[in-house]
Amino acid sequence: MKFFAVLLITIFAIANVPAQEKWSTSRKPVTGNYTKLPSENYSWQNTNRTTAVYQLDNMVITVGPSVRVLPSSNAQQDEIVLVRHPINQNIMFGGANTTAGGVYGQGGYITTDGGATWTGNNLLSPFTQSSSDPGPTIDKNGVIIFTTLDSPGMVAAYSTNNGVSWSGRITIQSGSVDKNFAASDDAPSSPYYGRSYCVWSNFAVGQPPIMCGYTTNSGVSWTGVMQVNTPLSGHYSQGCDVMCGPNGEVYICWAAPTSASPYTEDYCGFAKSTNGGTSWTVLNNAFDMNGIRATTFNGWNFRVNGFTRIGVDRSGGPRNGWIYVVAAEKNLAPAGSDADVILHSSSDGGATWSAGVRVNQDPLNNGKVQFFPAIRVDENGGVNICYYDNRNYPSIGDSCETYMSRSVDGGATWEDVKVSDHAWKVKGEAGLGTYGGDYIGISSGNGKIFPFWFDDKTGTMQAWVAAVTPGTVGINGNTNEIPASFELNQNYPNPFNPNTTIGFALPSEQNVKLEVFDMTGKSAGVLVNSDLKAGTYKFDFNASELASGIYFYKLTAGNFVSTKKMILVK
């Protein structure tokens, strides 16, 4: 850490600016003849096809298998974010920092069928080995706008064909910049409908402030670049995020680290624009926080931060317009002595903020850590936060999983579910020291939530996604209706490729197993094996790794057994 601090001071002295910690400077391309350690050279395939079912006090949540969006044996994928098309909910795009065969760049991953299948590229053509920090968004025209740090500073490129091809780099601002995100105004009633915004920290000045620029023509050109805030004494601004409100408002949050080591995130800043980003109302200290920034964390060779992430309710429901900001904190109530995920909310457009709420529901001060939260307010107003969590492992430095917490009452109460179906030993990436990515992502659409994270379970850092389906306990969300008898429905669609849905009804609580078999009687996947309450259920089956042919699915619920046939056509 001492050597790293001296190096940073030297860099910033040359640039004639103070030594605030610009984290992107610590991530460098792999040079020379790089070979992964032999212990990491193995092939790991996820054979799980089970849908986990969590029946909680006021909701039922089903979690599909963990899926790698672009399996790669020679590419590291980290620091990922996921965005959805504002109109077509089947289209989502993920961005990542990548190292592919020793070449450093930006990756892009696309699904056009609601997460059933993914394609992409680990090295997008516009960006160089100097690029870092993916910040994509999708505008009202379906144009993917990808912002990132690259030569000569804050740059962007755009794609009009779902990432098949890209424009060249367009410069938004030259100079030393860091930690960008982007968002697009998707409110048709907004006077700025379709305007897309990028926010970042300007490290070309002594106390880095937040900057914002926007495009009105789907990324072809950028205008309106301006400084949003002036940091308070002894602090600077970093770890910003941006989101648009239901009426065209633009909201930015950021962390305010102290200007001296260890650069702890001391409070949260917030800014609001109601005129398309041309002027801002600023709260440099919207609320106090105490971030978790560290170059090594929890006994792992891995750096972490307490940067802020933002979500806005645009559901049209009772909390329409509410703003939520989340970060990992410790040693400041309601956070404990270990890292916890803390949420603050505003019901008045950011003028005032609630006290903090502890999101993760494991026991306080239990020595377990939660970090890298990402937030998504879904189309029904549910607040969903995914994060890394080691609550199921006995000691510091042991394994970690990905969790998601969900609230249906504006963040007052929470339910936790595990969304990854495997664990990993947290560590920096091979060849990159303690660096392993600085944030993860989450999105939603078609009634599902999609946590988007990275881990090196395969031996290489890879991007993963899981489909999470929230609902209420009972039959199709109606707790007053109980089926009169057992029933196994015909899958739909049938024939299918590669996804189909299987539904069934239970008149009473039962231990249920729903399993798929091929023509030889070999199991092709267990969709559910759990105790379920009375009600009707639907489970998705993904056959992307199976061959075309006839398959059978069998429901066993107590003494009830039923089997039906389905056809996979590829």
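# Exercises on strands, loops and backbone angles

In this predicted model, Trp-200 stands opposite Met-211 in E14.

**Exercise 1.** State which strands pair around this position and in which sense, then place them in their sheet.

Solution.
- Step 1. The partners are strand E13, residues 196–202, and strand E14, residues 210–215. Their pairing is antiparallel and runs over six bridges.
- Step 2. Both strands belong to an open sheet of four strands, ordered E12-E13-E14-E15 and paired in the antiparallel sense.
- Step 3. The edges are formed by strand E12 (177–184) and strand E15 (223–227), each of which pairs on one side only.
- Step 4. On average, neighbouring strands of this sheet are turned by 15 degrees against each other, with direction ignored.

**Exercise 2.** Decide whether Asp-150 is buried or exposed, and describe its surroundings.

Solution.
- Step 1. Asp-150 lies in strand E9, which covers residues 144–150.
- Step 2. Its relative accessible area is 5%. The limit for a buried residue is under 20%, so Asp-150 is buried.
- Step 3. Leaving out residues up to four places away in sequence, Asp-150 touches Pro-126, Phe-127, Thr-128, Ser-130, Ser-131, Val-155 and Arg-169.
- Step 4. With Thr-128 there is also a polar contact between the side chains, at 2.6 Å.

**Exercise 3.** Locate the cis peptide bonds that precede Pro-152 and Pro-262.

Solution.
- Step 1. Most peptide bonds are trans.
- Step 2. The bond from Ser-151 to Pro-152 is cis, and its omega is near 10 degrees. Pro-152 sits in the loop between E9 and strand E10 (153–159).
- Step 3. Ser-261 and Pro-262 are likewise joined by a cis peptide bond, with omega about 15 degrees. Pro-262 is placed in the loop between strand E17 (250–257) and strand E18 (265–273).

**Exercise 4.** Give the phi values of Asn-298 and Phe-372, and say where each residue is found.

Solution.
- Step 1. A negative phi is what most residues other than glycine have.
- Step 2. Asn-298 has a positive phi, near 55 degrees. Asn-298 belongs to the loop between strand E19 (281–288) and strand E20 (309–312).
- Step 3. Phe-372 has a positive phi of about 55 degrees and is not a glycine. Phe-372 is part of strand E24, residues 370–377.
- Step 4. Asn-298 is buried because its relative accessible area is 14%, under the 20% limit. Phe-372, at 3%, is buried by that criterion as well.

Notes
Residues are numbered from 1 along each chain as its sequence is written. This is a predicted model: local features need pLDDT of at least 70, side-chain atom pairs count only at pLDDT 80 or more; totals for chains, interfaces and linings use all residues. Side-chain values use heavy atoms; hydrogens and water are left out. Helices (H or I, at least four residues) and strands (E, at least two) are DSSP runs, numbered from the N terminus. Buried means under 20% relative accessible area, exposed over 50%, partly exposed in between (1.4 Å probe, protein chains only). A polar contact is a pair of N or O atoms within 3.5 Å; within protein, one must be able to donate a hydrogen and the other to accept it, and residues adjacent in sequence count only if both atoms are side-chain atoms. Contact means heavy atoms within 4.5 Å. Two strands pair if DSSP finds at least two bridges between them. Axes are lines fitted to C-alpha atoms, for helices over the stretch in contact, and angles run from 0 to 180 degrees between N-to-C directions.
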